[in-house]
Amino acid sequence: MIETLHVEIGHGRPACSMDVLTLGQVRIVRIADIDRIEWPATALFGALTADDLRAAAGAVPAGTVDADAATLLLSFNTYLIQTPDFTALIDAGIGNGKERPDRPAWHRRDGPFLDLLDGLGIRPDAVDIVVNTHLHADHVGWNTVLGDAGWQPTFARARYVAPRAEFDHWNRLQQAEPSTLVLHGAFADSVLPLREADCLELVDPTFEIAPGLRFEPAAGHSPGMCVVRLTVGAASVLFTADVLHHPLQFARRDLVSNFCADAQMARATRDRLLEENAGTGTILAPYHFPSPAFGRLDRDAAGLRFVPQPMSSAAA
């Protein structure tokens, strides 16, 4: 059962809803940096047609496809993991105050992410680990905040963990063209400051990040992307990063986003991970799915089917 928390954050902002999955002594909270934004369908999947959208509307959770408007409903989810041993964030959203002029929805944002953490009782210095599954701009923004001396780590006590191959790829581009806005500028303002602060840990794609928390290789969308698996007793949660962008990819396994660096590899990676986890009881925690985001992958005569976890409601 997924509990929905309604968190009051003040400052004249409306309450925000967060999905909470509890596994024994472990709590996992979906915190959306941007929640339920309508995205032009072909801006995400260039191959989609109007007929595709009409067909998809009946095969995905209600409201996630608007065939008439030709839009898809997306969110940008960070996942907070609280265990008796550590507090971790899986991916770091878009961030505030970042210069992203070619991405208007991300440009100079003033979102409530840190207030949401505070509403959950999590101060920045309580975070032990920040995991970047890859280094695209919408996954690293809250790595840093702007201070008197420039961009500095948001979570001063945390280890920041990222795939080495991912960093090396983007660092080569930055070194070759220092004036280029690599990753819309995110490499300069949200990644390199971690290296300068000596808190960025670059690791291999099967690295154990903490007890029960490890990377698994998932390259294709980006050169070194990894997914993250959390094991709690007999339960398993897979944070799927950008292996999936939208629920319609369960029915349309051929769809690859416009942002995937290697379409063939991205498709093969997604197929492998879906087949490996279907019917196993593994709970998927996708980065871009709006609520209900947590779900299991079942196998039936029609193929693979995403089954959202049942929901309840509460207030923080």
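These are my notebook entries on cores, a sheet, a helix and aromatic pairs in this structure. I am working from a predicted model.

**Entry 1. Cores**

I began with the nonpolar cores. The largest has 55 residues. I31, L72, L120, L135, F155 and L248 have the most contacts inside this core. I then asked which element gives the core its largest share. Strand β3, residues 26-40, supplies five residues, and that is the largest share. A second core is separate and holds 43 residues. Among its members I noted L21, M225, C226 and A278.

I looked up L135 next. I set aside its neighbours within four places in sequence. L135 is then in contact with V140, A162, E166, F167, W170, L183, F187 and V191.

As background, nonpolar side chains in soluble globular proteins tend to be buried together.

**Entry 2. Helix α6**

L135 led me to α6, residues 186-196. I listed the buried residues of this helix: A186, F187, D189, S190, V191, P193 and L194. What covers them? The cover includes α4, β8, β9 (150-153), β10 (159-163), α5 (164-176) and β11 (200-203). I also checked what comes after the helix. D198 follows α6 and has a positive phi, near 60 degrees.

**Entry 3. The seven-stranded sheet**

I traced an open sheet of seven strands with mixed pairing. The order is β12-β13-β14-β15-β16-β17-β18. Which strands stand at the edges? They are β12 (208-210) and β18 (303-308). Each has a single partner strand, so one side of each is left without a neighbour in the sheet. From one strand to the next, the twist averages 30 degrees.

I then went through the pairings.

- β13 (residues 213-217) and β14 (residues 226-232) run antiparallel and are joined by five bridges. L213 stands opposite L230 in β14.
- β16 and β17 pair in the antiparallel sense over two bridges. L284 has G295 in β17 as its bridge partner.
- β17 and β18 run antiparallel, with six bridges between them. R299 has L304 in β18 as its bridge partner. A hairpin of two residues joins β17 to β18.

Which helix packs on this sheet? I found α8, residues 263-277. It touches β13, β14, β15 (235-239), β17 (295-300) and β18. The direction of α8 makes about 85 degrees with that of β17.

**Entry 4. A218**

I picked A218, in the loop between β13 and β14. Is A218 buried or exposed? Its relative accessibility is 2%, so A218 counts as buried. Leaving out residues up to four places away in sequence, A218 touches M225, C226, V227, V243, T269, R272 and L273. I also took the C-alpha separation of A218 and A268, which is 9.5 Å. The two are 50 residues apart along the chain.

**Entry 5. Q249**

Q249 sits in helix α7, residues 248-251. Q249 is buried, because its relative accessible area is 1% and the cut-off for buried is under 20%. What does its side chain reach? A polar atom of that side chain lies 2.6 Å from the backbone nitrogen of H245. Not counting residues up to four places away in sequence, Q249 touches F45, L244, L255 and R270.

**Entry 6. Aromatic pairs**

I counted ten aromatic pairs in the structure. I looked at two of them in detail.

F113 and W142 are stacked, at 5.4 Å centre to centre and 25 degrees between the planes. This pair links distant parts of the chain, 29 residues apart. F113 is in helix α3 (residues 113-119), and W142 is in the loop between α4 (137-140) and β8 (144-147). Both F113 and W142 are buried.

Why is the pair of F289 and F306 edge-to-face? The planes stand at 90 degrees, with ring centres 5.6 Å apart, so the pair falls in that class. F289 lies in the loop between β16 (283-285) and β17, while F306 lies in strand β18. The pair therefore ties together parts that are 17 residues apart in sequence. F289 counts as buried at 1% relative accessibility, and F306 counts as buried at 12%.

Last, I noted one aromatic cluster, formed by W39, F76, W106 and Y287.

Terms used:
Residues numbered from 1 in each chain as written. Predicted model: local features only at pLDDT ≥ 70, side-chain atom pairs only at ≥ 80, totals over all residues. Heavy atoms only, no water. Core = buried A, V, L, I, M, F, W, Y, C linked by side-chain atoms within 4.5 Å. Buried < 20%, exposed > 50% of the residue type's maximum accessible area, 1.4 Å probe, protein only. Helix = DSSP H or I, 4+ residues; strand = E, 2+ residues; numbered from the N terminus. Contact = heavy atoms within 4.5 Å. Polar contact = N/O pair within 3.5 Å; in protein donor to acceptor, adjacent residues only side chain to side chain. Pairing = 2+ DSSP bridges. Axes fitted to C-alpha atoms, helices over the stretch in contact; angles between N-to-C directions. Phe/Tyr/Trp six-rings, centres within 6.5 Å; stacked < 30°, edge-to-face > 60°.
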